[in-house]
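The following exchange asks how descriptive terms for a protein complex are justified. Each answer sets a value against its criterion and then concludes.

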Amino acid sequence: MLPENLEWKFPSSAEEAVELLRRPGAMLHGGGTRILKTNPKGVKLLIDVGALGLGYINYIDNAFYIGSDVTFSEIVKYSKKENKIALLGEALSNAASTPLRNRITIGGSLKDFPIWSSLYAPLIALKARVEILKDKPEIYSVEDYVLKGVIKTKHVIRHVIIDDEENLICGVKRFSVLRFEYPVFTIAAALKINGQTIKDARLVITGVKKRFKRFIKAENALKGQPLGDLPLEGALRHINPVFIPDYKFSARYKESTARVYFSDLLNELTEQIKGDDENEDSVQH
Amino acid sequence: MYKYVNKPVEKIDGLALVTGEEKYTDDFIYKDMLHVAILHSGYAHAKIEEIDDTEALKMPGVVEVLSYKNINRILYTTAGQGYPEPSPYDTCLFNDVMRFVGDNILAVAAETKEIAEKALSKIKVKFTVLEPLLNFEDAETSEVIIHNGDNSHAMIPVYYDPSQNLAAKVEASVGDFEGAYMDSPKKLDCTFYTSYASHCAIEPHAAVTFLDRRGRLIICSTTQVPFHVRRIVSAVCEIPIAKIRVIKPRIGGGFGGKQEVLLEPVAALVTWRTKRPAKLTYSRKEVFRSTRTRHQYRTTFKAGYSEDGSINALHLDALENSGAYGSHALTVLSNAGSKTLPLLNKIQNLKFTGKGVYTNLPTGGAYRGYGATEAYFGLGQIIDMICEETKTDIIEFYKKWTIKPGETSPIFQALGEGKAGVAMTIGSSSLEECISLGLKESGWYEKRKLYGKDSPLNQGRFRRGIGMSVMMQGSAIPEIDMASAYMKMNDDGSFNLLVGATDLGTGSDTVLSQIASEVLDTPVEQIIVNSSDTDHTPFDTGAYASSTTYLSGQAVKKCAEEIKRQILKTGAAMLHLGEESVEVKNSSVTSKDGLSGVSFEEICRYSFYEKDQFQIQATASHVSPKSPPPFAAHFAEIEVDTLTGIIKVLNYAAAVDCGVPINTTLAEGQAEGAIVNGLAYAIFEDFYFSEKGKLLNDTFGKYGFMTASDIPPIKVILVKSFEETGPFGAKSISEININGALPSLANAFYNATGKRLLRAPFTPEKVLWALEN
Amino acid sequence: MKIPFNINSRIKELEVKPNETLLSALRNNGYTEVKCGCSEGECGACLVLMDEKPVNSCQVLAMSVRDKKVKTVKGIGTLYLPHQIQKAFVKAGADQCGFCSPGMIIASYSILKETENKPTKEDITRGLDGNLCRCTGYVKILEAVENAAKTSLTEETKAPEAVCTNM
């Protein structure tokens with residue numbers, strides 16, 4: 001339970017928010033859905049980010065800048081309307097529920113990173129970076145943001161930066177029995193194509209023991225391989241996520257299902273590549 | 001034929017519901033109201049040695065702490081049944097032994113909810129932790145005795161032995177099962193398990209209490225049984241019935257979960273002691289952990305049958321996990337037999353044995369389906385097994401072996417609710433037509449041919465199957481349940497209809513108005529319904545056992561018929577005609593030759609002001625001599641992902657005989673709601689416990705709940721029959737349709753994969769396990 | 001403390017605690033048409049419109065609702081002037097116990113508005129993915145939204161004052 005004498009501040013600049021964040025018991029408030037779920041102890045001051053002007057999605061120099069106060073719904077809407085960042089749009093369109101997506105912000109979700117997050121897998125697959133403000137602006141890859149412990153420091157997230165890469169074939173899948181349920185895991189795959197080969201591959205899962213995992217060996221198995229004959233079986237052998245068992249699913253079940261999901265996803269992406277090829281062929285003829 | 005019944009009449013409270021005007025229990029806010037919070041046990045089994053509430057009582061705003069230390073120890077049952085209850089008296093408002101995680105230790109009443117909740121954390125309770133009994137199959141042999149020396153006792157002469165952890169035991173036999181089983185050329189012996197479940201009414205349980213201007217206690221609560229609440233609160237809180245009034249406002253769904261009298265006595269006692277209004281509303285977690293559940297079951301079926309698929313002998317043995325207390329233990333258990341075995345009344349040798357056992361797990365209670373759901377899971381599958389084994393067409397099997405109009409089953413008499421049952425002949429059934437229409441709707445024969453475990457089209461990762469099952473339920477408890485109604489006429493020709501019947505959202509207020517309208521040939525708008533107020537409405541046992549339309553409806557019909565007689569008599573006098581030459585028509589009394597007439601308005605004015613003045617009014621009660629079963633045939637088409645174990649329901653069709661549906665829209669709605677509840681129970685609903693007996697999935701998110709995206713196309717077909725003993729031919733529909741999903745899906749799974757699902761729910765891992773074994 | 005709120009197109013000073021949710025603030029100030037089914041953002045009974053977007057009011061801290069317009073189900077239509085979607089719910093029998101109805105109406109209204117009355121089946125099921133109902137099995141709710149889409153949205157109605165009546 002948050003204290004009854006909780007103090008609220010509504011700063012109008014990120015710098016002001018950073019300043020306020022130095023005060024003891026200070027915490028940022030975005031959509032508010034996480035703070036009400038986790039009820040963190042020792043909070044004395046909530047700094048509302050609503051007036052910081054971070055509710056933008058900008059497209060500058062082939063990159064998307066998504067302000068930290070942008071809600072999941074707004075990203076989904078943008079993605080549909082502009083036909084851009086489809087991977088993120090699709091992942092977030094399945095996250096939580098409609099009314100929650102109207103409140104959950106990308107910044108809040110990045111900072112809190114619940115284990116069932118549907119946000120991290122697509123962001124890592126898209127090589128997203130996060131720009132934060134502490135004393136000065138700093139930019140980290142989303143992976144480093146977590147692995148280097150930046151996530152645990154006091155900072156204001158400005159925006160997430162995603163390059164608008166060309167020739168990127170990508171997809172996301174989320175495992176849950178029901179539509180509105182905490183997903184057991186979310187997987188994302190992005191394949192960068194150069195001519196007739198895979199130039200780069202990113203295969204990510206969230207919901208695992210260490211929150212997220214990239215399957216570097218599986219990615220390497222795909223890199224440089226010809227599109228017509230991708231060694232999917234070889235790559236799938238390296239899909240070995242480590243899960244924590246819970247009351248609904250054993251670790252073994254989660255692991256085998258994750259492999260099935262990756263297999264499905266990679267097959268779908270391969271079909272997509274073939275489909276694109278055929279389309280190009282038909283245009284040429 | 002009918003003017004106001006058998007029609008899709010809109011709910012009379014509908015617009016008020018969807019515009020947020022209607023009030024539910026928690027919406028009542030009073031000045032100076034105290035807020036009550038409950039401290040629940042974190043141990044599955046523990047003796048309270050000491051409660052130190054000094055710190056809490058020192059807190060500003062804390063007014064009262066209630067525990068076993070300062071209340072009289074009065075044994076009762078929370079079951080909310082008629083008197084004397086068939087459930088054992090095995091609990092007190094606050095006990096000194098905690099018997100499951102979530103059991104009530106004490107209550108704090110304070111000026112605000114926040115203070116009350118904070119006070120709970122200041123109370124120090126010293127326990128002696130006892131060994132818990134967490135596996136119901138061990139209950140009979142366990143050294144742990146749940147109700148030991150606490151004077152728990154049965155109120156009626158039934159078998160009850162807490163020293164063996166036995167909360168209930170039922171046996172019934174027809175013919176010679178053992179002999180016929182031995183002599184049968186083919187035998188089957190199969191065990192099934194069904195899970196715990198929460199009712200998940202979206203409105204959490206709540207009670208608001210206050211004293212009226214003359215010091216009487218008013219209880220407003222989320223109850224299915226206002227009259228039982230009055231009686232039970234009176235006994236537990238030692239307040240005379242004359243001093244208690246129970247009002248049921250709108251209720252946000254019940255499904256059996258609000259039959260239990262859990263919160264009312266706590267709030268009532270706070271108000272009675274402090275003389276101040278009090279409110280107790282449970283959080284969702286408390287609803288999951290501390291209220292009642294569907295009992296967990298193990299059912300074992302033994303069948304002796306012949307090569308041609310004839311069943312010679314059938315034994316159903318049920319083991320019921322009653323949990324910490326014996327609420328509904330006996331009656332759910334007996335219904336597991338009495339609502340299933342009579343369906344196949346051609347079987348000559350039948351045996352039913354059942355035990356309900358105590359454990360240190362959440363307590364079972366009434367839950368839509370009430371034992372029948374648990375038993376049909378196995379029964380529906382063994383029929384499929386026998387048909388598959390003997391190459392019998394399951395459709396033909398059901399058409400041949402099920403009970404028909406004019407037939408009976410000795411089980412009706414053998415299995416009652418805490419006493420012998422009531423012999424009954426089936427008066428109405430359109431089951432054969434249900435089966436025919438259902439198989440047509442589902443494309444049964446085509447799909448059966450197309451799918452199937454041996455079909456070459458069905459050997460890939462995704463396998464499809466179709467399965468069906470047939471079921472019955474009951475309508476009210478015969479010779480036990482009573483409903484009554486009172487009606488009076490107003491001087492514009494409208495009527496006040498006062499009923500004890502309890503509308504939980506089912507629409508019974510509307511259904512009962514339609515019945516009165518039909519009798520009096522006057523629009524539904526002319527019937528002003530007031531229901532469930534123990535001061536103002538006559539007695540009704542309450543909303544359970546699929547009784548309201550059938551039983552309370554018949555009371556309303558009788559009452560309206562008496563009103564009609566008085567109207568006819570008065571109208572005839574006004575027209576100077578004999579009663580035999582007038583009739584009620586279009587809100588008036590007219591001569592049969594159509595030449596003269598007087599309106600209802602004129603009749604009431606006359607009766608009030610002109611001659612031989614009197615109030616046109618009537619009351620009627622009804623007890624049913626029988627419990628006519630509704631019937632249904634359910635068809636489910638599924639797709640199994642053999643790699644992940646996920647079952648997707650592709651189509652679901654249900655053909656239902658509820659007699660004459662009084663309100664066709666509401667009847668369909670009851671069926672659709674029950675089907676989706678049944679599907680959820682079949683696919684994922686379960687309770688997961690820690691090693692120490694703590695419920696782990698105690699939120700909607702963790703428990704799982706289907707949303708509109710998760711439901712398959714569902715087709716409900718109402719197939720009329722005419723039940724002579726019901727109002728305008730009606731029987732019940734509220735419970736029956738929860739029974740079909742478990743066996744129909746399991747049979748579809750067999751059709752798809754050749755494997756049987758013996759443990760519900762069919763979660764992905766269990767499905768994979770079934771596929772591998 | 002007293003904070004001005006724009007609720008159902010009226011400016012209201014509500015007594016609000018800094019740690020209070022919007023749901024609690026609304027109910028404590030008499031807007032009991034907003035229901036509480038779980039307090040966890042998982043049932044949708046407490047939905048309100050915030051700047052015309054449905055949100056779980058139990059997952060919003062009241063203090064953060066500055067300069068935003070809040071609408072409860074009564075802001076969509078009242079007993080005396082019901083909205084098309086409300087009439088459609090009653091007609092289809094989508095109103096059983098009615099406890100989920102205020103939230104369902106909010107979500108349905110928003111679906112119709114977002115899709116300009118031309119929702120696909122997917123728009124409807126997705127738009128209702130945060131609203132739980134145990135009574136209906138959703139069949140009649142889906143029917144109601146489809147039917148309401150066929151009749152055009154009426155102009156925004158101004159709700160009469162919601163009155164909290166004691167018995």
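Q: How many helices and strands does chain B have?

A: In this predicted model, chain B has 20 helices and 26 strands.

Q: What makes the radius of gyration of chain B agree with that of a compact globule?

A: For 773 residues, a compact globule would have a radius of gyration near 28 Å, and chain B has 27 Å; the two therefore agree. The C-alpha trace of chain B spans about 85 × 75 × 50 Å along its principal axes. Buried residues amount to 64% of the 773 residues. Of the contacts in chain B with a separation of 6 or more, 80% are between residues 24 or more positions apart.

Q: Why is helix 8 of chain B called largely enclosed by the rest of the structure?

A: A residue counts as buried if 20 or more other C-beta atoms lie within 10 Å of its own. In helix 8 (residues 329-338) of chain B, 10 of the 10 residues are buried, so the helix is largely enclosed by the rest of the structure. Among these buried residues are B:Leu330, B:Val332, B:Leu333 and B:Asn335. The buried residues of helix 8 pack against strand 7 (166-174), strand 14 (311-323), strand 15 (349-358), helix 9 (372-389) and helix 11 (410-414) of chain B.

Q: Why does B:Ser121 count as exposed or buried, and in which helix does B:Ser121 lie?

A: B:Ser121 lies in helix 3 (residues 113-122) of chain B. The cut-off for an exposed residue is 12 or fewer C-beta neighbours. B:Ser121 has 10 C-beta neighbours inside 10 Å and therefore counts as exposed. From B:Ser121 to B:Glu668 there are 547 residues in sequence and 47 Å in space, C-alpha to C-alpha.

Q: What is the strand order of the open sheet of four strands in chain B, and why do strand 19 and strand 23 stand at the edges?

A: The order is 19-18-17-23, with mixed pairing. Strand 19 (527-531) and strand 23 (617-623) of chain B each have a single partner strand, so one side of each is left without a neighbour in the sheet; hence they stand at the edges. On average, neighbouring strands of this sheet are turned by 20° against each other, direction ignored.

Q: How do you know that strand 17 and strand 18 of chain B pair, and in which sense do they pair?

A: Two strands pair if at least two bridges are found between them. Strand 17 (residues 482-489) and strand 18 (residues 495-499) of chain B have five bridges, and they pair in the antiparallel sense. One bridge joins B:Tyr486 to its partner B:Leu498 in strand 18. Helix 14 (residues 508-520) of chain B packs on the sheet and touches strand 17, strand 18 and strand 19; its direction makes about 140° with that of strand 19.

Q: What makes chain C as compact as a globular protein of its length?

A: Chain C has six helices and five strands, which follow the pattern β-β-α-β-β-β-α-α-α-α-α along the sequence. The globule rule gives 15 Å for 167 residues, and the radius of gyration of chain C is 15 Å; chain C is therefore as compact as a globular protein of that length. Of these 167 residues, 66% count as buried.

Q: Which residues contribute to the contact between chain B and chain C?

A: Chain B gives 50 residues to this contact and chain C gives 49 residues. On the chain B side, the elements that give two or more residues are helix 1 (14-18), helix 17 (664-683) and helix 18 (700-703). Helix 17 supplies the largest share, eight residues. The chain B side divides into 23 nonpolar, 17 polar and 10 charged residues.

Q: What pLDDT does chain C average, and where does pLDDT stay under 50?

A: The average pLDDT of chain C is 91, and 90% of the residues score at least 70. Over residues 153-167 of chain C, pLDDT stays under 50. Where pLDDT is low, the predicted coordinates should not be read in detail. For the complex, the predictor gives an ipTM of 0.97 and a pTM of 0.97.

Notes: Residues numbered from 1 in each chain as written. Chains lettered and ligands numbered in written order. Predicted model: local features only at pLDDT ≥ 70, side-chain atom pairs only at ≥ 80, totals over all residues. Rg over C-alpha atoms; globule rule 2.2 N^0.38 Å. Contact = placed C-beta atoms within 7 Å. Axes fitted to C-alpha atoms, helices over the stretch in contact; angles between N-to-C directions. Nonpolar A, V, L, I, M, F, W, Y, C, P; charged D, E, K, R; others polar. pLDDT = per-residue confidence, 0-100.
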